[in-house]
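Thanks for making the time this morning. I would like to walk through one structure residue by residue, and I will put it on the screen before I say anything about it.

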Amino acid sequence: MIPARFAPVIFGLILSGLMSLLVSGIATLRAVGLTSDFPFLWLGAWLSGWAVAFPAVLVVAPLTRRLVARLTAQETSQGDVAER
């Protein structure tokens with residue numbers, strides 16, 4: 001099993017892989033249509049997209065967490081919403 005301290009990196013790897021797979025598939029389909037070489041074109045687009053997406057997620061995720069924390073209210077232990 002992978003140690004829990006690697007959870008943010010594993011999360012970023014899986015999230016960036018799935019999102020880049022979906023986005024590159026849609027973009028490739030729109031660009032070339034459903035041709036016989038579509039899977040190979042999609043694979044190439046996905047791998048180069050993932051190579052950019054994974055490091056970007058690792059950099060952007062902490063910034064996004066801070067922004068979400070500022071935009072949302074914290075709940076107290078009784079379930080009430082606390083002011084910031």
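Leaving aside its neighbours within four places in sequence, which residues is serine 16 in contact with? Please keep in mind, while you look, that this is a predicted model. The residues that serine 16 contacts, once those sequence neighbours are set aside, are Trp50, Ala53, Phe54 and Val57. Serine 16 itself sits in helix α1, which covers residues 7–32, and because its relative accessibility is 2%, where buried means under 20%, serine 16 counts as buried. Its side chain also has a polar partner within the helix, since a polar atom of that side chain lies 3.2 Å from the backbone oxygen of leucine 13.

That brings me to leucine 13, which is likewise found in helix α1. Is leucine 13 buried or partly exposed? With a relative accessible area of 34%, leucine 13 is partly exposed, and it belongs to a nonpolar patch on the surface that is formed by Ile2, Phe6, Ile10, Leu13, Ile14 and Leu18, with about 520 Å² of accessible area together. Leucine 13 nevertheless has partners further along the chain, for it is in contact with Trp50 and Phe54 when neighbours within four places in sequence are left aside. In terms of C-alpha positions, leucine 13 and leucine 58 are 8.6 Å apart in space, while being 45 residues apart in sequence.

Let me move along the helix to serine 20, which lies in helix α1 as well and, at 10% relative accessibility, counts as buried. Which backbone oxygens does the side chain of serine 20 approach? One is the backbone oxygen of serine 16, which the side chain of serine 20 reaches at 2.6 Å, and another is the backbone oxygen of glycine 17, which lies 3.2 Å from a polar atom of that side chain. Apart from residues within four places in sequence, serine 20 is in contact with Trp46, Gly49, Trp50 and Ala53. The C-alpha atoms of serine 20 and leucine 47 are separated by 8.3 Å, with these positions 27 residues apart along the chain counted as their spacing.

Serine 24 is another residue of helix α1, and with a relative accessible area of 9% it is buried. What joins the side chains of serine 24 and tryptophan 42? It is a polar contact of 3.1 Å, and serine 24 touches Trp42, Ala45 and Trp46 if we do not count residues up to four places away in sequence. Valine 23, by contrast in its burial, is placed in helix α1 but counts as exposed at 52% relative accessibility. The C-alpha atoms of valine 23 and tryptophan 42 are separated by 9.9 Å, and these two residues are 19 apart along the chain.

Now to the aromatic rings. How many aromatic pairs are there? The count comes to two. Phenylalanine 38 and tryptophan 42 form a tilted pair, at 5.4 Å centre to centre and with 45° between the planes. These two residues are four apart in helix α2, residues 38–71, and so they are separated by about one helical turn. Phenylalanine 38 counts as buried at 9% relative accessibility, whereas tryptophan 42 is partly exposed, with a relative accessible area of 27%.

Tryptophan 46 and tryptophan 50 form an aromatic pair too, and this one is stacked, at 4.9 Å centre to centre and 20° between the planes. Why are they about one helical turn apart? Because tryptophan 46 and tryptophan 50 are four residues apart in helix α2. Tryptophan 46 is buried, with a relative accessible area of 17%, and tryptophan 50, at 24%, counts as partly exposed.

Finally, a residue outside the helices. Threonine 76 lies in the loop between β1 (74–75) and β2 (81–82), and it is partly exposed, with a relative accessible area of 32%. Measuring nothing but C-alpha to C-alpha in the model, threonine 76 and phenylalanine 54 are 34 Å apart in space and 22 residues apart in sequence.

Definitions and conventions:
Residues are numbered from 1 along each chain as its sequence is written. This is a predicted model: local features need pLDDT of at least 70, side-chain atom pairs count only at pLDDT 80 or more; totals for chains, interfaces and linings use all residues. Side-chain values use heavy atoms; hydrogens and water are left out. Buried means under 20% relative accessible area, exposed over 50%, partly exposed in between (1.4 Å probe, protein chains only). A polar contact is a pair of N or O atoms within 3.5 Å; within protein, one must be able to donate a hydrogen and the other to accept it, and residues adjacent in sequence count only if both atoms are side-chain atoms. Contact means heavy atoms within 4.5 Å. Patches are made of residues with over 30% relative accessible area and no salt bridge: like charges are joined within 9 Å, nonpolar side chains (Val, Leu, Ile, Met, Phe, Trp, Tyr) within 5 Å. Accessible areas come from the Shrake-Rupley method with a 1.4 Å probe; for residues, only the protein chains shown count as cover. A salt bridge is a side-chain nitrogen of Lys or Arg within 4 Å of a carboxyl oxygen of Asp or Glu. Rings of Phe, Tyr and Trp (its six-membered ring) pair if their centres lie within 6.5 Å; planes under 30 degrees apart count as stacked, over 60 as edge-to-face and the rest as tilted.
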